[in-house]
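Reader: I am new to this structure. Please take me closely through one part of it, and build the picture step by step.

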Amino acid sequence: MQCKTLSRNVSHEGLAPAVAELLDTGHRLALVAAHDEGDAMRIVYVLLAGQPERRVELTVTTCSGNPSVPSLGHLSIPAGRFEREMMDLYGVMPVGHPQPRRLVRHGHWPEEWHPMRRDAGRAPRFATAGRFPFLTVEGPGVYEIPVGPVHAGLIEPGHFRFSVIGESVLRLKARLWFVHRGVEKLFEGRAATAATELAERISGDSSAAHGLAHSLAIEDALGIRVPEPVHRLRALLVELERLYNHAADLGALANDVAFALPNAHAQRVRECLLRINSRVTGHRLLRGAIRPGGVVLQQLPEPAELRELAADVAEITDLTLRNSVVYDRFADTAVLRRDDAHALGCLGYVARASGISTDARLDHPTVELPVVPVGGTQGDVLARYTIRRDEFAASVALVCALIESRNLDRRGPVDFESWAPTSGEASSGIGIVEGWRGTIVHRVEVDAAGAITRCKIVDPSWFNWPALPVAMADTIVPDFPLANKSFNLSYAGNDL
């Protein structure tokens with residue numbers, strides 16, 4: 001069911017009109033990837049639309065000596081951020097950008113070092129300190145609260161700077177990329193069919209979804225066609241990943257308002273789901289099951305066990321929301337309005353809680369699935385909580401339907417493998433998956449020898465991180481942990 005990508009080259013002058021036309025017809029800018037080809041720099045813009053599915057690639061070429069592209073920041077907030085990323089990692093200047101500040105590179109990074117360039121070489125000596133130009137909010141009674149980048153527990157590093165008056169937040173700035181690992185560079189030169197392990201480690205709690213997005217991109221590039229049962233089993237694994245993450249969040253949100261009892265039961269459910277994952281794939285985080293051209297499972301989950309856990313989660317969430325103190329803390333807290341969510345390009349449960357219908361299982365299907373759309377309208381913590389609750393029930397129903405509708409043997413291993421020889425020509429492919437946080441997109445380019453020359457990855461956290469400071473405006477500082485958990489964004493998925 002994968003849609004064919006329409007590709008065309010555009011001039012610098014024609015880029016903005018072409019993108020504007022696509023945005024006006026319901027497309028969204030899903031990915032921007034720079035490619036260093038030595039004497040030239042090639043920039044690929046991927047725009048997607050669903051129901052019916054449409055994929056469009058626009059390519060602009062610029063010289064590598066002083067590369068530049070016309071900025072699309074006036075058309076799209078995500079475009080402006082992609083351009084700042086290219087400016088930092090490739091040195092591509094977005095001409096006319098409204099705020100051409102650093103995004104990925106911190107202040108101690110050397111000014112002229114762009115690590116994704118072919119001639120970047122080894123990292124030069126970094127400065128011992130550097131400043132980030134935070135906007136200073138001034139006025140009577142205004143003060144700043146810095147939080148992070150080092151946090152308690154296992155939280156990944158990120159810096160949050162609050163400008164507040166009393167307890168009310170006037171402005172929040174999130175500074176990320178403390179764990180930038182150069183993941184996209186690590187894909188270069190790997191065999192196209194031997195890089196799934198790296199994809200699974202982009203963001204650990206989304207191993208199956210990233211592994212699947214990468215596999216779909218490789219299959220698209222190499223012309224590998226897999227049968228319907230493979231797509232169904234892969235979809236089952238991504239739903240299992242959605243289940244254990246949503247269960248954990250439902251408990252953690254209650255715990256953030258000091259209601260520990262639901263959290264204890266939710267963590268029990270999560271552990272049960274992780275053990276199911278281990279029985280199904282041999283790995284608690286579902287690694288090693290999905291590969292380009294196939295899927296391998298040790299066994300299938302028992303529908304009765306999943307339905308029992310769904311009943312437990314329904315009881316846990318009912319217990320949580322019947323507590324008037326908890327409900328009061330959730331309702332009308334950290335509201336992300338629909339217009340803001342749309343302008344920022346939000347995805348997943350963050351977008352759905354604000355009234356935006358977006359789901360790659362429906363918009364970009366690989367196989368027809370009985371997906372039940374789940375949505376909200378309020379855009380507050382309560383909406384992001386109830387979305388997870390409803391998606392848990394819907395995912396259990398979907399998994400059970402996938403198993404029972406095909407009457408598959410649940411006791412033994414299930415192994416499918418499809419393969420096709422490479423064409424001997426350079427090619428590209430796109431993989432789109434609805435991970436538990438939202439839509440994941442991978443785009444790969446493969447050379448004639450079957451090696452990856454470029455892999456561009458976009459996790460939904462890339463789009464959703466800018467929405468957290470917007471939702472925190474006019475909220476009180478003590479509600480930040482609750483608001484942050486209601487978004488539960490990936491640092492690693494963003495920082496790459």
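Author: Start with a stretch that has a record behind it. UniProt, in an unreviewed entry, places the feature "domain: NADH-quinone oxidoreductase subunit D" at residues 265–405. The model shown here is predicted. In it, residues 265–405 are 60% helix and 4% strand. The end C-alpha atoms of that span lie 31 Å apart.

Now set this span in the chain. The chain is divided into domain 1 (6–95) and domain 2 (183–460). The close look is at where the two meet. Their centres, taken over C-alpha atoms, are separated by 27 Å. Domain 1 brings 23 residues to the contact, and domain 2 brings 18 residues. The area buried between domain 1 and domain 2 is about 1700 Å². Carbon and sulfur atoms give 55% of that area.

Next come the polar links. Between domain 1 and domain 2 there are 3 salt bridges. One salt bridge pairs the side chains of Glu-85 and Lys-456, at 2.9 Å from N to O. Across the interface of domain 1 and domain 2, 9 residue pairs are in polar contact, with both residues at pLDDT 80 or more.

Which elements supply the side of domain 1 that touches domain 2? Strand 2 (28–36), strand 3 (40–49), strand 4 (54–63) and helix 2 (77–90) each give at least two residues. Strand 2 has the largest share, with 7 residues. By type, the residues on this side of domain 1 divide into 13 nonpolar, 3 polar and 7 charged.

Domain 1 also has a record to set beside it. An unreviewed UniProt entry places the feature "domain: NADH:ubiquinone oxidoreductase 30kDa subunit" at residues 10–120. Over residues 10–120, the chain is 24% helix and 32% strand. The end C-alpha atoms there are 28 Å apart.

Stay with strands 3 and 4 for a moment. Pro-52 lies in the loop between strand 3 and strand 4. A cis peptide bond joins Gln-51 and Pro-52, with omega at about 5 degrees. Further along the chain comes another cis bond, from Gly-148 to Pro-149, with omega near 15 degrees. Pro-149 sits in the loop between strand 7 (142–147) and strand 8 (159–165).

One more backbone detail deserves a look. Ala-258 is not a glycine, yet its phi is positive, at about 65 degrees. Ala-258 is in the loop between helix 6 (228–255) and helix 7 (260–281). Why point out such spots? Because most residues other than glycine have a negative phi, and most peptide bonds are trans.

Conventions. Residues are numbered from 1 along each chain as its sequence is written. This is a predicted model: local features need pLDDT of at least 70, side-chain atom pairs count only at pLDDT 80 or more; totals for chains, interfaces and linings use all residues. Side-chain values use heavy atoms; hydrogens and water are left out. UniProt positions are given in the numbering used here, feature names are shortened, and annotations may be inferred rather than shown by experiment. Domain bounds come from an automatic or database domain assignment. Contact means heavy atoms within 4.5 Å. Buried area is the accessible area (1.4 Å probe) that two parts lose on being put together, summed over both. A salt bridge is a side-chain nitrogen of Lys or Arg within 4 Å of a carboxyl oxygen of Asp or Glu. A polar contact is a pair of N or O atoms within 3.5 Å; within protein, one must be able to donate a hydrogen and the other to accept it, and residues adjacent in sequence count only if both atoms are side-chain atoms. Ala, Val, Leu, Ile, Met, Phe, Trp, Tyr, Cys and Pro count as nonpolar, Asp, Glu, Lys and Arg as charged, and the others, Gly among them, as polar.
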